[in-house]
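User: I want to go through this model and ask what stands behind each label. Please set each value against its definition.

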Amino acid sequence: MEPPTGEITRLLAEATRGNREAESQLMTLVYGHLRKLAARQLRRERPDHTLQTTDLVHEAYLRFVPQQEVAWQGRAHFYRVASRLMREILVDYARARQTGKRGAEVEILPVDEVGDAPPRTPSGAGEWDHLIDLDNALKSLGRIEPRQEKVVEMRFFGGLTGDETAEALGVTPRTVRRDWRVARASLYAELSGRSQRVSAMGD
Amino acid sequence: MTPEERARVAELFDAVLDHPEAERAEFLAAACAGNELIRAEVLRLLQAEQDRPHKFLNSSSGPAFPTAALEAAFSPVDGSIGPYRLLQRIGSGGMGEVWLADQTEPVHRRVALKLIKAGMDTGDAVTRFQAERQALALMDHPSIAKVFDAGSTSQGRLYFAMEYITGVPITKYCDLHKMTVPERLELFVQVCEGVQHAHQKAIIHRDLKPSNILVSEVDGKPVPRIIDFGIAKAISQALDREGELTRTGAMLGTPSYMSPEQAGSGGADVDTRTDVYSLGAVLYELLVGVRPLELHNLPPDEIRQRLEKMDTPKPSARLRAPDENSSKTAQDRGCDPPASATLSHQLRGDLDAITLKALEKDRSRRYGSPSDLAADIQRYLRNEPVLAVAPSIAYRARKFVRRYRGALLTAFGFAVVLMVAAVVSVRQSIRANREAATTRAVDDFLQHDLLSQASLATQAGSKAKPDPHLEVRTALDRAAERIEGKFAGQPEVEASIRDTMGQTYLDLGLYPEARKQLEQALDLHRRTLGAKNPRTLETMSLLGRVAEFQGKYPEAEGLLTQALAAQRRVLGPEHPDTLSSTTTLANVYSDEGRYPQAEVLLSETLDVQRRMLGPENADTLHSMNNLANVYYYEGKYAQTEALYSQVLEIRRRKLGPDHPDTLASMDNLAVAYWVGGEYAKAEAVGSQLVEIRRSMQGVENPDTLRSMNNLANVYDAEGKYPQAEALYSRVLEIRRSVLSPEHPETIRSMNNLANAYNNVGKYSQAEALASQTLEISRRVLGPERLDTLASMDNLADSYGPQGKYTQAEALFLQMQAIAGRVLSTENPLTLSFLSDFARMYQRQGKYALAESYAAQVLTGRRHALGPGNPDTMASEADLALAYVSQGNFAAAEPLARQTLDFYQKNDPGNWQRFRAETLLGACRAGEKKHTEAESLLREGYEGMLARKDRIAAPDRYYLDRARDWLARVNRSQNHSGNTSAENRSETP
């Protein structure tokens, strides 16, 4: 069931021009695409395999956005939306897991047991919790440095390269590199609990 | 940390990473240069970077997840919540997502399930939700989507099950169907009714916006349904429990539709009127396609700031620039070309006022409830007067056109404004008798006979640019011709149309044409409605105004007195029509020089307006201005300046620095500075004004001419006589051709120019012009009018220096007699005549008489103008001179000394300072202190000589005197002794 690509092109164009309603419709549409794509991709994988979510984003873009019709601003917009969605989906899932772990009955979000997943991935409950922490730290950071939050969102959740991020945000790659470095260190500091809350809470 | 400091930290951290580890400490120490805060922060980041407590971020290619986990994350769709089976995600927003779901029991139906984001504590939230759900269940209205259920999933996600509405946001629906403004309003009224219903159940929506008002069709008719009623409150309560809102200062709701108090209090301090505000914002967007204030992507503090401070532009003003967007907006509302002009004209007045009243920042000034808002809209739809409109809008619309006339001559906007004004005033006047048929007939006429022409004029405007004034006038004239015989059986319609045409001509300054229409309208009104009908009286009052503008003051007074007496009886003293007649009559009194009567009327009006309309209302300000004008004519300068400054301050704040009314206030203040002797300020303000007016309104505009004239007055006062003469002469030339050779304002210009001729020593030209002016002035204005007196003064002043003392004296005596009858003894004009009188006697060698008049003037000026005023100072010099001439040095010296001190301190470069020096020198010479006298006289004489250009020709008499004194002192020093007799025998 391929999506109506004309629709996404139109929404991308309008969202790029600042139409909020189009942006919101775009979110819904991309969400649906991501979900369908994930379902299809994931069915082909074995449960213990790992997958980078950013691959899903790229795949979604290639599959659902007609390349020749979309200007680079449209592409940037797609990635911005998709990165945000990816972050939301993962964090939502992590939160649902957390609540479920506390003993409540799992109803709509059956939590799979993933304890046997390889290390270095957020397999255990602890790692998922960290994802929630990361999300919170990122929100705090965004309140004082909104662009740094975007950079992390697009590079980390959306899988964009530095150059692509720069293009999407309309800044130089150098700025993106600096934002990424500083944001990452700030987030480390925040997450390690050693933070004196200087950079995160700010003035 | 400040943003600058954070930026510096980022920069240094970035740089330090590029250095080898061993060099980092050194690099940092050097780069931070003692800024410990920055260095510590960079070090902290470096430490965190080295520790890398989490592995996620190490890879820039995103996190990797076990596929099983991802599958779970991506598959909530298979789930169900209680009796609801989730089908499809149909929307997402900041607070969560909306799913289409099937309810399986107790009934099978399709619902919209709003799923609030995960991550909330479930315990208390559920309890609170149950309470909320009870409340929401009470709502039962066709315009409100029902809330069936609320609860939480076992994951702690809150949800609402609501009636599933298939529809599109109201704004989009209206645009798609190109709904006209009345159709949109009808639909909007239904929305108001729904909100009102909820309010009666004590439920506030808190997030009304187009996307929460969905329109679908039932039996082919659009029906609005409001969704999410009460949801915002439920969510905010649940969230606030967690303290998130408080902690982050975030706002729930949509900034562009959110009331200032809701934004300001984080939702804590809201009542039903917050929904009235949001409705106003939706209405605004329905009308003009844009939001009242654009607040997207702004930080919360900035949003609050703007909501509280920034003025909301009138909806119609958003269409004034006829660009692509606004004409699309207008076409979406079914308007014919020129669409944006048509739409703007439709919105101006009532709809502007209704919308802005709903959007008042202070909720106590909004409509009290959605049904009040709806009721006013329905009044508009029925062509009844709406509550939101200040009572005198027609008057203000006409004022507006008059003010903008010049500015709009260059743009086709003129036609728009003209039509708006015309239609507003017609609607206003017609509503009074609520004759739907009449309204339609008049609208029809305007549409076909006036508007269609105007739109042609508009389209041709781009090619045939230079004289749109003519185009509009031609359009009016043609329409006027078409009235004849067209409404034989409909005298009321004809009267209404003639009223409108008359007002429009009046706004254009075409007085004879205006009079013709209004006279016929008055006659028709009298016959159909009777002599005491409010409309008859309004037309009579208008005709009075035309007479005033034509300078036919007795006629104007007669009409206005009659209209006013009847209006007071029929409508009451506080009715807008009564007030309007009062103001016009006061203007006539002022024109006629009956200032105390004008002052009484205007003070009364001002009291009523302050009470009824508020202290900053446009009409109140207008009256303040008129009163200040009267004060000015009465010579009450302190009161004048105080009132003008008040008005200017309010207008700058409310209307902006370039608004025509603000400019008018600057004009007035410049005059106040001028009469207060603050010439530099007066010239600065005045020349800026002339510049703006010339470019905005053109040089033939009455306002421009008045500003030019005022500027010339300032030049004159500053002693820039050639500049003054040039400017006066230009103004006169234009007024003669634009007004008429005998118009009162032309007469004033002639007086000013004659005075300027005198000041540059062109006495014979002055004499010719002044006698011509005097003849016209006596005949047209009357023998005892101020302007007539001014003509006499100019004539007398030209006689003096030519040695025609007999004629001069005869004139002065006549003037004195008239001034005694019509002016107070301390009126600046009286004092100025007397001062001229003193100078003439001085020239003639009648020193005792000169002394007596000069002393009288000085006393009067010290009292009326204050001791530091330039005119007061000049009188001191006149009196000192009279004393010196009579050898009374003891009396002269303190005056001369005082004047000298004043100028040395305040204005050492002024030629009058040097005159004071020569006067003091003359006193010293009289006391035989020759050395001191010689140096004072020399310095004074040379100082005056160097500033000869700044000395008015008649005042160069002082220069001659100083030369004489200096020569005489030199002689005395040569053959010393034997000088006292000489000094005493001063001769002219």
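Analyst: What follows is a set of short questions with answers.
This is a predicted model, where local features need pLDDT of at least 70, side-chain atom pairs count only at pLDDT 80 or more, and totals for chains, interfaces and linings use all residues. Residues are numbered from 1 along each chain as its sequence is written, and chains are lettered from A and ligands numbered from 1 in the order in which they are written.

User: What makes B:Arg206 buried or exposed?

Analyst: The count of neighbours decides. A residue is buried if 20 or more other C-beta atoms lie within 10 Å of its own, exposed if 12 or fewer, and partly exposed in between, with C-beta atoms placed from the backbone. B:Arg206 has 24 other C-beta atoms within 10 Å, so B:Arg206 is buried. This residue lies in the loop between α7 (181-200) and β9 of chain B. The phi of B:Arg206 is near 75 degrees, a positive value in a residue other than glycine.

User: Is B:Asp219 buried or exposed, and what makes it so?

Analyst: B:Asp219 has 5 other C-beta atoms within 10 Å, so B:Asp219 is exposed. The loop between β9 and β10 of chain B holds this residue. Its phi is near 50 degrees, again positive in a residue other than glycine.

User: How do you know that β9 and β10 of chain B pair?

Analyst: Two strands pair if DSSP finds at least two bridges between them. Helices (H or I, at least four residues) and strands (E, at least two) are DSSP runs, numbered from the N terminus. Here 6 bridges join β9(B), residues 213-218, to β10(B), residues 221-226. The two strands run antiparallel. One bridge partner pair is B:Ile213 with B:Ile226. Together the strands form a hairpin, with 2 residues between them.

User: Which strands form the open sheet with β9 of chain B, and what makes a strand an edge?

Analyst: The order is β8-β9-β10 in chain B, with antiparallel pairing. β8 (168-169) and β10 are the edge strands, as each pairs on one side only. β8(B) and β9(B) are joined by 2 bridges. At least two are needed, so the pair qualifies. B:Pro169 has B:Leu214 in β9(B) as its bridge partner. α7(B) packs on the sheet and touches β9 and β10 of chain B. The direction of α7(B) makes about 35 degrees with that of β10(B); axes are lines fitted to C-alpha atoms, for helices over the stretch in contact, and angles run from 0 to 180 degrees between N-to-C directions.

User: Why is β7 of chain B called mostly covered?

Analyst: In β7(B), residues 158-163, 5 of the 6 residues are buried. β7(B) also runs antiparallel to β5(B), residues 109-116, with 5 bridges between them. There, B:Val111 has B:Glu163 as its bridge partner.

User: Why do the buried residues of α7 in chain A line one face?

Analyst: A:Thr165, A:Ala166 and A:Ala168 are buried in α7(A), residues 162-169. Down the helix axis, the buried residues fall within an arc of 165 degrees, so they line one face. The arc is that of the directions from the helix axis to the C-beta atoms. Just after the helix, A:Gly170 takes a positive phi of about 70 degrees.

User: How confident is the predictor in chain A?

Analyst: pLDDT is the predictor's confidence in each residue, from 0 to 100. Chain A averages 68, and 63% of the residues score at least 70. Over residues 100-125 of chain A, pLDDT stays under 50.

Note on methods:
Two residues are in contact if their C-beta atoms, placed from the backbone, lie within 7 Å.
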